[in-house]
Structure formats: C-alpha cells, structure tokens
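User: Hi! I'd like to go through this model with you, starting with its surface and then turning to its ligands.

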Amino acid sequence: MAAVTPDIDDLRLCVHCGICLPQCPTYRVLGEEMDSPRGRLYLMRAAAEGRLGFTETFARHLDLCLGCRACETACPAGVPFGSLLEATRSQLAERGPRPRAALLCRLLRGMFTEPRRLGVMLGGLRLYQRSGLRHLVRATRVLALAPRLAAMEALLPDVPSAPALPELIPAQGRRRLGRAGLLTGCIQRHLFPDVNRDTARLLSLAGYDVVVPRDQGCCGALELHAGFLDDFRDRARSLIATFPVDLDVIVVNAAGCGLAMKEYGRWMPGEAVVAAFAEKIRDVTEVLVDAELPLGPLDLTATYHDACHLAHGQRIRAEPRRLLGRIPDLRLVPLTESDLCCGSAGVYNLLEPEVADRLLSMKIDRIAETGAAAVVTGNPGCLLQIAKGCQERGLGIEVVHPVTLLARATRRAVK
Ligand code: SF4
Ligand code: SF4
C-alpha cells in the first residue's frame with residue numbers, strides 16, 4: 001500500500017504557540033490561519049483522529065503549502081512538519097477528492113522526472129527558442145490564454161546543448177580523497193549542464209575521482225512531495241541501483257534532490273541498501289567547504305539566497321557562505337530574509353502561479369536592495385525562479401549556483 005499514516009504523536013507535539021506563523025511564506029501572502037503551519041497541523045491532526053474527512057477544503061490548504069520547512073526551523077517544539085505533510089499528502093493522493101489537481105500534478109511530474117523524456121522535450125524547446133517562433137508567440141500574446149503554460153514558458157531560460165559528462169573524471173588534487181558519485185539530476189542536467197560540469201571539475205581538483213553513472217534517473221523528490229510514494233520508492237530504488245556501492249560519498253548540487261535522498265531511509269525503513277546509500281549523500285558545499293582549491297580573485301559583489309531545502313531541510317547555511325568567502329575580492333553582502341521561499345518549490349510555481357509570483361516579488365524587492373551584481377543559490381528551481389524575477393524587473397543581475405563562481409575563481413588562480 002502506498003500511503004503512510006502521519007505519526008499522531010508528532011502531530012500532537014504542536015503547542016499552538018504561533019511562533020512559526022511569521023516565518024511561513026503562505027501565511028505571509030494569504031493571511032489565513034489555515035494556510036499557516038499551525039492551521040495545517042490542526043487540519044492534519046483532525047483528519048488523523050477521524051474528526052475531519054479528506055474534503056476539498058482540507059486538500060486545498062495542503063496544496064497551497066510550499067513544503068519549504070521554514071516552520072521546522074522556527075518551531076521550538078520540534079514538530080517534523082515536512083514528514084507529516086508528505087505522509088498526509090500520500091493519504092490524499094490515495095483517497096483525496098481532487099482528480100483534476102492530481103492529473104495536472106501527474107502531468108507535470110511526468111514531464112520533469114524522466115531525464116530522457118525531458119531531454120527530448122527541451123530539444124524541441126531549443127528549436128522553438130532559436131527559430132524565432134518564441135518571438136512570434138510572445139508578440140501575439142497568445143499564451144495569455146493559458147496562464148500555466150505562460151508561466152512555464154517565462155520560466156525557462158535559453159536551453160543549452162548538454163553533452164553528457166564522462167563516466168569517470170580522475171582526481172587532479174595533490175591528495176586523493178576517495179571516489180565521489182555525482183547526481184546529475186533532471187532539470188540540472190538539461191538546463192544547467194555547466195553546474196554539473198563545474199561540480200565535477202571542483203571535486204576532481206579537490207582530490208576526488210568523480211563517478212557519473214550514465215543511466216542514472218530521477219531521485220523521486222517531486223513524487224515524494226506530491227504524496228505518490230510508490231512511484232517515489234520505485235525511482236529511488238532504480239537510482240540507487242545505478243551507483244556503485246564502493247563510493248565514499250555521493251554529491252548532489254540540487255538542494256531539493258539532496259534532501260529527498262538524505263531522507264530515503266525514512267520512507268523505506270528496514271532496507272539496508274537504501275540506508276547505506278542515504279548515509280553517503282552530501283550537498284556539494286558540504287564536501288568542498290574544507291577542500292584545498294586554487295581560487296583566484298573575482299571582483300564581484302554578490303548576495304546569497306538560502307534554498308529552502310538546503311537551509312531548512314538540510315540545515316546547511318554556513319558552508320556555502322564560507323566557500324564564497326574564500327574567493328579573493330568577492331564581496332558577499334547580506335540578503336534580508338535570505339531564507340524566505342522564492343516561490344519555486346518544485347513545480348509549485350507552475351501549479352500555484354499567483355502565490356509563487358507574490359513570493360517572487362518579495363524576494364526580488366530584497367535582492368534589489370542589496371545592490372549586488374550576482375545572486376547565488378544552490379537549487380535549480382531557485383535559479384530559474386529568481387532569474388525570471390530579475391529579468392522581469394530588468395535588473396540585469398546574474399543568478400548563479402555557488403559552484404559556478406568557485407569554478408570561475410579556479411580559472412583565475414595563478415598556476
Ligand atoms: S512548509 Fe513552508 S509553506 Fe508549508 S506550512 Fe511550513 S512554512 Fe508554511
Ligand atoms: S511553532 Fe511549532 S508548536 Fe508553535 S504553532 Fe508552530 S508548529 Fe506548533
């Protein structure tokens with residue numbers, strides 16, 4: 001059976017103090033108690049205790065949650081909101097009242113979670129962008145008739161050609177640190193192939209042999225967040241099978257994928273292979289933070305946006321800042337509310353474009369205040385969303401992954 005019952009003891013941990021409310025992006029935008037963590041926990045507990053059915057209203061309040069986990073960071077009682085949400089969503093996926101929403105969600109997941117299918121689709125999109133058809137479509141404003149399609153079209157950058165990385169990139173560093181597997185991801189591999197290439201190069205410079213399994217698929221994070229646990233588990237087990245068992249570490253450069261992979265064991269308890277795999281997962285900044293890297297100067301003012309699944313999910317905040325702080329001449333300026341969600345949240349910005357756009361607008365306001373020439377963030381969804389926001393405001397700010405700046409600095413190092 002696919003669905004998991006949320007832990008009633010965990011649900012009862014909430015003492016209704018409300019400390020999480022100002023940290024919750026959807027409460028900030030919508031101002032509704034039932035769109036706050038406290039309200040959602042109240043609903044989830046009522047359903048778990050049999051006092052509330054899986055109604056449209058219940059499903060709607062859970063759909064509107066970004067799954068950003070800012071409430072977990074804020075909560076003094078230690079309520080594990082993320083796992084409670086995902087378990088309740090698995091029940092909704094099985095018994096929920098929303099065939100239309102579920103169909104749309106499945107459609108989007110189907111597009112994003114099959115790397116080969118996504119590659120073919122994006123090849124078509126590249127043709128659309130380069131043939132002049134995009135210019136024509138935008139000029140006629142025909143996409144205004146389909147707001148979700150318009151949101152997707154606006155979000156996508158120019159699709160680059162994405163040659164596959166070699167399956168083994170040998171260590172170049174003075175010390176040999178071990179064998180590191182690299183997750184290439186779905187969106188990352190096709191829209192940000194340079195981030196994968198730079199990650200592999202930095203790991204190699206640091207002293208790792210980098211292993212890039214050619215047949216690796218999707219990590220299943222989107223399915224987990226939507227509550228489709230059987231599909232999620234199938235994807236996770238297939239992914240695990242493509243990585244050699246003798247790796248010392250498995251490196252991820254997409255915050256959402258990394259969090260889902262670190263939590264594989266929770267959803268597949270008692271599976272030793274799964275637990276051993278999850279134990280090796282590290283964000284790229286965790287692995288590189290203390291590595292010896294030859295870094296040359298970058299004369300740049302940059303600010304850092306905390307991807308939710310890195311800051312709130314994996315509790316990684318210091319490592320990327322420390323790494324960026326090691327680049328000579330780079331000035332890292334603070335971003336107010338750097339860990340407030342930008343509205344990306346997997347496919348949330350496609351499913352809920354109004355809320356996502358309001359969050360993006362708040363984020364871009366804060367970014368514009370910094371005067372930075374670059375925004376740095378460690379998740380492909382945030383890269384796309386913030387780049388879209390900067391472009392719409394005509395800000396001319398570069399939006400980059402931390403490894404992009406690190407790799408650029410290594411190219412400026414004195415040999
Ligand atoms: S996960 Fe994020 S959006 Fe959802 S209730 Fe918690 S803080 Fe609010
Ligand atoms: S901070 Fe924690 S205990 Fe307080 S209302 Fe929010 S979830 Fe409940």
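User: What share of the area that the protein exposes do carbon and sulfur atoms supply?

Analyst: Happy to help, and please keep in mind that this is a predicted model. The protein exposes about 17800 Å². Of that area, the part supplied by carbon and sulfur atoms is 55%.

User: And what percentage of the residues in the protein are buried?

Analyst: Here a residue is called buried when its relative accessible area is under 20%. The protein has 415 residues, and its secondary structure comes to 24 helices and 9 strands. The buried residues make up 56%.

User: Which elements give two or more residues to the shell around ligand 1?

Analyst: Let's start with the residues themselves: there are 13 around ligand 1, and C24, R40, C65, C68 and C71 come nearest. By class, this shell has 9 nonpolar, 2 polar and 2 charged residues. As for the space taken by ligand 1, it is the second largest cavity. The elements giving two or more residues to the shell are α2 (25–30), α3 (37–48) and α5 (70–74).

User: Now for ligand 2: how many nonpolar, polar and charged residues does its shell have?

Analyst: Ligand 2 takes up the space of the largest cavity. Around ligand 2 are C14, V15, H16, C17, G18, C20, R38, L41, C75, P76 and A77. Sorted by class, that shell comes to 8 nonpolar, 2 polar and 1 charged.

Notes
Residues numbered from 1 in each chain as written. Chains lettered and ligands numbered in written order. Predicted model: local features only at pLDDT ≥ 70, side-chain atom pairs only at ≥ 80, totals over all residues. Heavy atoms only, no water. Helix = DSSP H or I, 4+ residues; strand = E, 2+ residues; numbered from the N terminus. Buried < 20%, exposed > 50% of the residue type's maximum accessible area, 1.4 Å probe, protein only. Areas by Shrake-Rupley, 256 points an atom, 1.4 Å probe, with all protein chains shown as cover. Near = heavy atom within 4 Å. 1 Å grid on protein atoms, 1.4 Å probe; cavity = no way out; pocket = protein on both sides within 12 Å on 5 of 7 lines; lining within 4 Å. Sits in = over half its atoms within 2 Å of the grid points. Nonpolar A, V, L, I, M, F, W, Y, C, P; charged D, E, K, R; others polar.
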